Amino acid sequence: MNGNRSALLCAIRGPVLLITLGTLFAIAQFPVGRFGPYSFARTWPVLLIVYGILKLLEYAAARPGSSAGGGL
Amino acid sequence: MRPRSLAGPLVVILIGGLFLANNLWPELSIRHLLTIYWPFLLIAWGALRLIEVLVHAFASRQTPSQGISGGEWLLVVLICLIGSGGFWASRHAHIFKFESLPKVAEALGQPFDYPISGQKTVGKKPHIVIENLRGTTHIAAVDSDEMKIDGRKTVRSFLQSDADQADKQTPLQFTVDGDQVFLNTNVEKVTGDQMVRADLELTVPRGADIQAHGRSGDFDIAGISGNVTITSDNAGVRLKDIGGDVRVTTRKSESVRVDGVKGLVELHGKGGDVDVENIAGPVTVEGAYTGDQKYAKLAKPLRVQSPGTQLQVESVPGEITMDLSELTGVKLTGPIHLEARAKDVRLEDFSQSANLSIEKGDISLRPGRLPLAKIDAHTHSGDLQIALPQTASFDLTATTARGEIQNQFGTPLKATTEGHGAKLRGATGAGPAITLDTARGSITVERGELKLKSTVVSGDGPPEKSVTIETPEGAIKVQKE
């Protein structure tokens with residue numbers, strides 16, 4: 001069961017990162033509220049953070065006897 | 001076996017659809033839409049793959065090892081590079097000055113020319129409607145009641161017979177009904193491989209009203225004393241010495257140039273460069289013009305409204321030049337009102353009040369004339385600089401929330417530090433309020449030079465023993481020893 005959940009998290013990593021990437025580029029072209037637009041050169045670390053969170057969830061799901069959120 | 005994805009076929013359908021739309025409706029400007037909205041393609045792609053992975057996982061209890069393959073990531077990187085490069089290029093299009101590429105049908109084949117001519121009596125003040133969708137239209141005015149058409153039709157085709165047929169399909173329509181004159185080159189009636197264009201040289205009565213419509217090619221109109229209305233898709237527009245009102249609507253014209261109009265000027269739409277000079281009536285420009293804009297010698301109010309900029313000036317005896325990132329105004333009459341998203345603004349030698357609000361950009365002000373009027377300058381992120389004449393009376397308040405203030409004016413201004421920012425206050429005489437405000441950036445207040453408003457006004461006898469020079473602070477008489 002844990003292996004399945006880990007595999008699922010691994011499989012959604014790509015699509016989630018792609019959506020994040022698209023959103024960051026969209027933010028770079030359209031202002032949010034009265035601030036921005038924020039260029040991709042400034043917002044790219046968000047990609048690392050999202051990647052880190054996904055890896056953390058995978059790690060938590062792969063640990064035997066722990067719940068998905070346990071690692072957090 | 002790895003489950004096949006829907007994304008591949010959908011991308012192929014999407015690309016095909018975009019090319020088809022571009023061919024069927026060239027005015028949609030698919031390329032322009034793609035340079036702006038391409039990130040949503042990535043979001044949609046990611047969402048599609050996410051749904052696929054989830055559906056697959058819950059349906060078969062088996063998940064693919066990875067949601068997006070290496071090849072797909074390569075494509076994503078490519079899209080990002082091209083997309084951000086294209087967006088950057090479209091924002092800085094004025095650097096490249098792209099000429100529109102000729103179409104295949106126009107580039108291949110031979111040109112076959114057919115003469116166009118016609119002459120009719122139309123009266124002194126006819127209303128002339130011109131439809132010439134492809135080709136240039138030159139219109140000159142003469143003191144006569146006759147309208148004369150000269151020019152040529154060019155058909156690009158592989159065979160003479162095809163060209164002859166295309167010529168027959170596009171007869172020149174030239175009708176007069178009372179004071180209504182209708183001229184249509186019908187060049188769009190040819191379908192297929194041939195490309196037909198008509199280059200016209202028209203002479204019309206000076207008192208004519210002109211209403212013209214074109215898609216590509218230029219309009220060049222001079223010396224008309226009536227009104228001129230132009231609807232143009234890609235065509236460039238050049239108007240000179242027009243006696244009536246001028247109304248121009250463009251879709252993506254490379255340049256619009258209007259010089260010498262006695263009535264009002266209205267410009268709507270999208271395009272590149274705009275040059276409006278010597279206008280007696282009010283000037284209104286609404287739309288997205290991404291090239292260089294120049295407004296000079298406007299006697300009545302100027303109003304410019306574009307996606308990133310709103311500008312109102314009471315009159316422009318000098319000139320205003322601006323592009324997407326800069327605005328420079330010299331010798332303006334206020335009240336001046338400017339709101340802009342991202343622009344460096346420099347105003348020199350302006351009178352009456354000024355109200356500037358910029359989100360991102362530096363502001364530099366040199367009000368040249370006395371007495372000063374109310375000035376309100378606000379930038380969210382950027383430096384502020386103002387040069388005030390030494391003898392001017394004013395009540396100044398300058399605030400920066402994060403940054404420093406340089407007081408080069410000296411007394412009576414006093415600077416204080418507040419947290420990360422600073423404040424400068426002070427007044428001389430009973431002058432108008434000058435408020436400068438930036439959330440992030442430095443502020444510099446300096447003494448303006450004694451600027452000569454005009455040179456020699458009068459001289460006493462040759463060679464001048466004394467001359468009077470008018471300055472912003474009064475007249476000075478200079479005696480020659």
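**View 1. Thr229(B) meets its bridge partner in strand 12 of chain B.** Start with Thr229(B) and look across to strand 12, where Arg247(B) is the residue it bridges to. Keep in mind that this is a predicted model. The wider setting is the pairing of strand 10 (residues 228-232) with strand 12 (residues 246-261), both in chain B. These two run parallel and share five bridges.

**View 2. Strand 11 of chain B also pairs with strand 12.** Here we move along to strand 11, which covers residues 237-242 of chain B. How many bridges join strand 11 to strand 12? There are five, and the two strands run parallel. To find one spot in this pairing, pick out Arg238(B): its bridge partner in strand 12 is Arg257(B). While you're looking at strands, here's a handy rule: in a regular strand, side chains alternate between the two faces of the sheet.

**View 3. Strand 12 of chain B pairs with strand 13 too.** Strand 13 takes in residues 265-279 of chain B. Its pairing with strand 12 is in the parallel sense and runs over twelve bridges. Which residue of strand 13 is the bridge partner of Val261(B)? That's Ile279(B).

**View 4. A nonpolar patch sits on the surface of chain B.** Five residues make it: Leu75(B), Val77(B), Leu78(B), Leu81(B) and Ile82(B). Together they give a patch of about 490 Å². Take Leu75(B) as your way in; you'll find it in helix 4, which spans residues 70-91 of chain B. Is Leu75(B) buried, or partly exposed? Its relative accessibility is 40%, so it counts as partly exposed.

**View 5. Chain A is a run of helices.** Now over to the other chain, which has three helices and zero strands. Follow chain A along its sequence and the pattern reads α-α-α. The chain has 72 residues, and 35% of them count as buried. Its accessible surface comes to about 4,000 Å², with 69% of that on carbon and sulfur atoms. As for how chain A contacts itself, take the pairs at least 6 apart in sequence: 53% of those contacts join residues at least 24 apart.

**View 6. Chain B and chain A come into contact.** Chain B brings 31 residues to this contact, and chain A brings 22. Between them, the two chains bury about 2,100 Å², and 73% of that is on carbon and sulfur atoms. How many salt bridges are there between chain B and chain A? The count is zero.

Key:
Residues are numbered from 1 along each chain as its sequence is written. Chains are lettered from A and ligands numbered from 1 in the order in which they are written. This is a predicted model: local features need pLDDT of at least 70, side-chain atom pairs count only at pLDDT 80 or more; totals for chains, interfaces and linings use all residues. Side-chain values use heavy atoms; hydrogens and water are left out. Helices (H or I, at least four residues) and strands (E, at least two) are DSSP runs, numbered from the N terminus. Buried means under 20% relative accessible area, exposed over 50%, partly exposed in between (1.4 Å probe, protein chains only). Contact means heavy atoms within 4.5 Å. Accessible areas come from the Shrake-Rupley method with a 1.4 Å probe; for residues, only the protein chains shown count as cover. Patches are made of residues with over 30% relative accessible area and no salt bridge: like charges are joined within 9 Å, nonpolar side chains (Val, Leu, Ile, Met, Phe, Trp, Tyr) within 5 Å. A salt bridge is a side-chain nitrogen of Lys or Arg within 4 Å of a carboxyl oxygen of Asp or Glu. Two strands pair if DSSP finds at least two bridges between them. Buried area is the accessible area (1.4 Å probe) that two parts lose on being put together, summed over both.
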